Amino acid sequence: MATSFTPQTNHHSSPPPSLSSNPINTINLDPTLLREPVENPLLKPFYPGQPKSLSGIALRAFCLGITFAVGLISAVAILLLTDSPIWRVPFFLLALSLFHFLEFWTTAERNTAVASIDSFLLTANWPSYAIAHSSAFLECFLVSVFFPNRRWAPLGSGNVLLFVGLALVVVGQAVRSLAMLHAGASFNHHIQTKKARSHLLVTTGIYGWLRHPSYFGFFYWGLGTQLVLGNTFCFVAYAAVLYMFFRDRIRIEEHKLVEFFGDDYVNYRKRVGTLIPFIR
Ligand SMILES: C[S@@+](CC[C@H](N)C(=O)[O-])C[C@H]1O[C@@H](n2cnc3c(N)ncnc32)[C@H](O)[C@@H]1O
């Protein structure tokens, strides 16, 4: 519960009238914040160099914001001023920076206790994740520069594929972020092997439509980015790698969920599908 805190000096037991009479000097503070940092579970992790380092979090958010802006301005400028397909490269930059920012933001918003530098997911599955995205940038860049008119577009479907890709990126991102917001404290970037007291089975909202909405979102977001980039090789590689990754992860995750929630999860699994191909 918030309490009223008025600043005091060492020499006065009560603040000078000029200070206390000014409402600006009355700060609402949570009483737990007045305890010693070592005793305070909220403050304890916030030391420099720790995963919860606030400066580290601020720095990453700042860099992602700059990257997003550079991506957006460059993509729009190239689209307006040239007819080069290379606008797709900064588009990927903006989609990626938005994705990583939202990973942290949704965690901080609904699962604050576990929000840390790792919540940006910038170094998860290192180095395969970085290799996948670097390959996507490279394929798009090389094709745009050397074969600008040679994208794979069966039956002249180039623009259709582009718009399908854009729709997948938007829907995939929205479904993933909504899933994280809806699951709240039950959502964790790492598969939980022990059930926390705060871990409740979520079967409503977007979880009533999809059994693994955040995986559904990432799967289609990933494929969508490759359609927008016009990448043939990376589209196939992303589809194969993402499918195998989520198939294995879901198998392990559901084994644990059955252990945690028993028949409730078994019945939920029977009722709700994943809508990821070949994963029932
Ligand atoms: C990265 S989250 C992914 C959640 C879910 N698979 C999804 O795609 O939205 C992984 C954690 O979510 C938990 N989880 C998965 N499905 C859940 C559900 N329906 N209710 C509660 N927790 C769930 C798992 O125990 C795991 O620790």
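**Close-up views of a predicted model**

**View 1. Tyr207 and Phe246 sit at the busiest spots of the largest nonpolar core.** Of the 45 residues in this core, these two touch the most other members. Keep in mind, as you look around, that this is a predicted model. Several helices supply the core: those giving two or more residues are helix H3 (88-110), helix H4 (128-146), H5, H6, H7 and H8. Which of these elements gives the largest share? That is H6, with nine residues. It may help to remember that in soluble globular proteins, nonpolar side chains tend to be buried together.

**View 2. Zooming in on Phe246 and its contacts.** Setting aside neighbours within four places in sequence, Phe246 is in contact with Tyr215, Phe218, Phe219 and Ile279. Try finding each of these four partners in turn, starting from Phe246. Elsewhere there is a second, separate core of six residues, and among them are Leu64, Phe104, Ala115 and Ile117.

**View 3. Glu254 and Arg211 meet in a salt bridge.** Their side chains come together with an N to O distance of 2.7 Å. Why can this pair be said to tie parts of the chain together? Glu254 lies in helix H7 (residues 232-261), while Arg211 is in the loop between helix H5 (158-183) and helix H6 (213-229), so the salt bridge joins parts that are 43 residues apart in sequence. Are the two partners buried or exposed? Glu254 has 6% relative accessibility and counts as buried, and Arg211, at 3%, counts as buried too. As a general idea, side chains of opposite charge can pair when their charged atoms come close.

**View 4. Glu254 has another partner, Arg269.** In this salt bridge the closest N and O atoms are 3.4 Å apart. The pair links distant parts of the chain, with Glu254 in helix H7 and Arg269 in helix H8 (residues 263-271), 15 residues apart. Arg269 counts as partly exposed, at 30% relative accessibility. Put the pieces together and you get a network of salt bridges linking Arg211, Glu254 and Arg269.

**View 5. Asp248 pairs with Arg247.** Here is another salt bridge, and its closest N and O atoms are 3.0 Å apart. Asp248 is partly exposed, with a relative accessible area of 31%, and Arg247 counts as partly exposed at 28%. How many salt bridges does the structure hold? The count is five.

**View 6. A nonpolar patch on the surface.** Leu138, Phe141, Leu142, Val145, Phe146 and Phe147 make a nonpolar surface patch of about 580 Å². To find your way there, look for Leu142 in helix H4. With a relative accessible area of 37%, Leu142 is partly exposed.

**View 7. Stepping back to the chain as a whole.** The protein chain has eight helices and two strands, and along the sequence they follow the pattern β-α-β-α-α-α-α-α-α-α. Of its 280 residues, 38% count as buried. The accessible surface comes to about 16600 Å², and 68% of that belongs to carbon and sulfur atoms. Finally, consider contacts between residues at least 6 apart in sequence: 70% of them join residues at least 24 apart.

Terms used: Residues numbered from 1 in each chain as written. Predicted model: local features only at pLDDT ≥ 70, side-chain atom pairs only at ≥ 80, totals over all residues. Heavy atoms only, no water. Salt bridge = Lys/Arg side-chain N within 4 Å of Asp/Glu carboxyl O. Helix = DSSP H or I, 4+ residues; strand = E, 2+ residues; numbered from the N terminus. Buried < 20%, exposed > 50% of the residue type's maximum accessible area, 1.4 Å probe, protein only. Core = buried A, V, L, I, M, F, W, Y, C linked by side-chain atoms within 4.5 Å. Contact = heavy atoms within 4.5 Å. Patch = residues over 30% accessible without salt bridge, like charges linked within 9 Å, V, L, I, M, F, W, Y side chains within 5 Å. Areas by Shrake-Rupley, 256 points an atom, 1.4 Å probe, with all protein chains shown as cover.
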